[in-house]
Amino acid sequence: MTETPKSPAPPAAPPDSPPPDQPIRIPEICPALLLNDVLIFPNTIVPLAIASPAMISMVNDALSGHRVVAAFTRAPSPRTEKPEDQFFGIGTAAHIMKMFRMPDGTIRLLVQGLTRIKRTEVLATDPYLQVRIEPLEIPRNTNVQIEGLTRKVLSDFSKYAEEHSLPDEVRIAVHNISDPGALADIVASNLNLPITDRQALLENNDLEPRLTLVATHLARELELLRIGTEIRSKVEQELEENQKEYYLREQLKAIRKELGEESEGGAEIAEFEKRVADAGLPAQAAEAAKKELDRMRVMSVSSAEYSVSRTYIEWLVSLPWNKATSDEIKLEDAEIRLNMDHYGLDEVKTRILEFLAVRKLRKTHRGPILCFAGPPGVGKTSLGQSIAGALNRQFIRMSLGGVRDEAEIRGHRRTYVGAMPGRIMQSIRRVSVNNPVLMLDEIDKLGMDFRGDPASALLEVLDPAQNSTFADHYLDVEFDLSTVFFITTANDIGQIPGPLRDRMEIIEIPSYITDEKIQIGLRYLLPRQREENGLKPSHLDITEEGMRALVRGYTREAGVRKLEQRIGSVCRKIARVVADGKRKTVTLTAKNVAQYLGPALFAEDDLPPEPRVGVALGLAWTPVGGEILVIESTLMSGSGKLQVTGQLGDVMKESAQIALSYMRSHSAELGINDDKFVKFDIHLHVPEGATPKEGPSAGVALALSLASLLTGNPVRNDICMTGEITLSGNVLPVGGIREKIVAAARRGISDIIIPADNEKDLFYVPDHVKSRVRFHPVETVSQVLEFGMLPPKVKSKNSKSKTRRKAVA
Ligand SMILES: Nc1ncnc2c1ncn2[C@@H]1O[C@H](COP(=O)(O)OP(=O)(O)OP(=O)(O)O)[C@@H](O)[C@H]1O
Ligand SMILES: [Mg+2]
């Protein structure tokens, strides 16, 4: 059998023949040279080592004859057990050029491949295989395709030869070949191919497919080479960097040791390492932690840097990267919970449940952010708490009031001394889960100054498309906020920055009227305050009338926060009485409220108790709910000047001027003596300094007040009004209708004049409010005057029995 020696065999006794000048004739019957793992291509010269005695005797016989043998290669998976079938049927006729005998009895051969042959018959198997062969025809056609392939093979091979540092002779020889078939064979013999691929090339007698196959193998080899080089250079580079870093660190350590500054933080660092491993950090954070620990290792524990690093690592490991509470939205539970915690608010609850239903169906955390808008103390925060309770999530509140610095939202970069993460990440760390209900309170009170715009940072927090990769400046690694349930609250939607508002689903919560407050007080606030102050239900009861007295006499607010405080102070007083053993049970009624809370703070009588001349009731909108404005005017001798007091804004002052001009221009119609405008001064005053008085909506009330003053007709004291007026006497629509109406209803007003164009806004007024007041839509000032003024002579204590006009409810 045979093997290939890597280098040519050393010369021994050379029984060889000179290379023949004329083409070698290939006999029909040849001894077979059987090869393991070697394949001889035509046109190539191959050194062989032969050790099997049968083969050696075959070679000896061949050398004494025509020196041509039929070389076949062993098939990796033979067809049958027969010895001749162990080899491929197509082989190469080969000429033995040289033979060397080795001292150990084996021989070395140098053979030259001549042509492809096919084994047609096995003639003998002993002592060695004798076969009948048939040379395969070589088609010598050529075409453009073949020419192209030839060039491709030539150019690729020279690259290949260079990369593999093949001997120059090979390169030159290949370039000098003119026959494409020979080229394919020689190139194939130089490629490092498995034996089956080599055999396939040998069996491919047709030129074009053979060249194609060679070209493909060659291209593949080059690609492998390229990838290999790339990998090698990468590995080398990495090794170099690692070594460099390691070397530098070791050096640094040595220097520190020398200086007596070696980090004593070993134990702590090991502890941190363990915590980092346990915290399940995402790759990016884990990498940051590792880097920081590496830095700590070479720091002095007493250095400021070390504690900065420690704080940072502490932050990384204590964030709830993958801690979450189980999250399933059960709508029935949510409904029960909302009802349990809050009285009324039916519309609000319905909208919250709808919102949750959509979230449940869509199964994503994407979607608008809920925003509860309304005056203080109406239950915005506590609705958020109920939602969290219903969803089984943690609740955390974060106030944005007065936040003016972007860094408060997303932290300071660590390059700042005393840098900290922003409030969002602080909240997340505090709740220790990554899916809390996070309430951003007072989003309308966000500030903005030179330190950057917190609204734009918030935008990133609230935008579902961005918040899964929220990067706090301090932490400098991404944290996924997409599972946080954000809820925002605001008093005044108008103050929320536009882009933020667009991402929110705004649910407005109106202020409460007296009856609602009474019910909230009795059903929710009283039990809660009793419990907080250690009282049993038997100790204190409040009658409905008692609660009404409390609400009316001691609170004036849109929500119920003050009411809760008042009930709280009643509870404390009772607690003392009970604890002293003086009384066992107290019932608070309208009569004894003052005994516990002192005289009423708000007298009902700041509204005129009877129709008066010059006194009209306007309505104002404030962020804390609607308010009634009492407008007074008086006449005094003078020269026709208008004096306005009560800290009115410019627009409101102008409204007063417009109202006066209207009166002058319509004096005849209204029956006003023109002398009144020249011989008298008018003083107009709006008391109660706390309410901001700005905007044109008091126009109708100012007009009514002046008309009453100038005509001497009293104004009905049971009506309120809002609307802007024009010089020509038209009434224009105004804003804040709902809050204004709720405020009027709260104060027990029965009739409200509104601009006709505002009638559509009544849709948003809660039904229970609508049912207690009558609306009087008007288009002109004269309609207002006609409806609002009483005939001059009538003096009535209570005008509620007076004639009613068109009533819309
Ligand atoms: N409809 C209601 N039923 C029962 N309790 C209520 C209702 N509305 C408000 N409360 C209670 O009133 C108190 C004040 O409410 P909360 O703190 O939620 O007000 P808020 O709207 O968040 O006000 P602010 O705008 O000032 O933050 C809470 O104790 C809350 O439980
Ligand atoms: Mg609140």
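Modeller: Let me start with a definition: on a 1 Å grid over the protein atoms alone, a cavity is a set of points where a 1.4 Å probe fits but cannot get out, and a lining residue has an atom within 4 Å of a point. Gly640, Lys641, Leu642, Leu660, Arg664, Lys676, Phe677, Phe680 and Ile682 line the second largest cavity. Bear in mind that this is a predicted model, so local features need pLDDT of at least 70 and side-chain atom pairs count only at pLDDT 80 or more, while totals for chains, interfaces and linings use all residues. Residues are numbered from 1 along each chain as its sequence is written, chains are lettered from A and ligands numbered from 1 in the order in which they are written, and side-chain values use heavy atoms, with hydrogens and water left out.

Colleague: Okay, how many cavities are there, and what volume does the second largest have?

Modeller: The structure holds two of 30 Å³ or more. The second largest comes out at about 50 Å³, where grid points are joined across faces, edges and corners and the volume is the space filled by probe spheres set on the points. Helix H21 (650-665), helix H23 (675-679) and strand S20 (680-685) each give at least two residues to its lining; helices are DSSP runs of H or I with at least four residues, strands are E runs of at least two, and both are numbered from the N terminus.

Colleague: And the largest cavity: what makes up its lining, by class?

Modeller: One nonpolar, two polar and seven charged residues. Charged means Asp, Glu, Lys and Arg; Ala, Val, Leu, Ile, Met, Phe, Trp, Tyr, Cys and Pro are nonpolar, and the others, Gly among them, are polar. Its volume is about 150 Å³. Of the 10 lining residues, Arg552, Thr555, Arg556, Arg746 and Arg747 lie nearest the centre. H17 and helix H18 (544-554) are the elements that give two or more residues to that lining.

Colleague: There's also a space of about 1,000 Å³. Why is that called a pocket?

Modeller: A pocket is an open set with protein on both sides within 12 Å along at least five of seven lines. The largest one has that volume of about 1,000 Å³. Of its 41 lining residues, Glu508, Pro510, Arg738, Glu739 and Tyr764 are closest to the centre. The classes split as 19 nonpolar, 11 polar and 11 charged.

Colleague: On to ligand 1. Which residues are closest to ligand 1?

Modeller: Gly377, Lys380, Thr381, Arg528 and Arg561, out of 19 residues that surround ligand 1. A residue is near if one of its heavy atoms lies within 4 Å. Helix H12 (380-391), helix H17 (514-532) and helix H19 (561-579) each supply at least two residues of that shell.

Colleague: What makes threonine 381 a polar contact of ligand 1?

Modeller: A polar contact is a pair of N or O atoms within 3.5 Å; within protein, one must be able to donate a hydrogen and the other to accept it, and residues adjacent in sequence count only if both atoms are side-chain atoms. An N or O atom in the threonine 381 side chain is 2.6 Å from an oxygen of ligand 1, so the pair qualifies. The side chain of arginine 528 has such a pair at 2.8 Å, and a backbone N or O atom of glycine 379 has one at 3.1 Å. Ligand 1 taken alone exposes 640 Å², and the protein buries 88% of that.

Colleague: Why is leucine 345 called buried and aspartate 37 exposed?

Modeller: Buried means under 20% relative accessible area, exposed over 50%, partly exposed in between (1.4 Å probe, protein chains only). Leucine 345 has 9%, so it's buried; aspartate 37 has 66%, so that one is exposed.

Colleague: What is phi for aspartate 37 and for leucine 345?

Modeller: Near 60° for aspartate 37 and near 55° for leucine 345. Most residues other than glycine have a negative phi. Aspartate 37 sits in the loop between strand S2 (29-35) and strand S3 (45-50), leucine 345 in the loop between helix H10 (331-341) and helix H11 (346-362).

Colleague: How do you know whether threonine 722 is buried or exposed?

Modeller: Its relative accessible area is 1%, so threonine 722 is buried. A polar atom of its side chain lies 3.5 Å from the backbone oxygen of serine 697.

Key. Accessible areas come from the Shrake-Rupley method with a 1.4 Å probe; for residues, only the protein chains shown count as cover.
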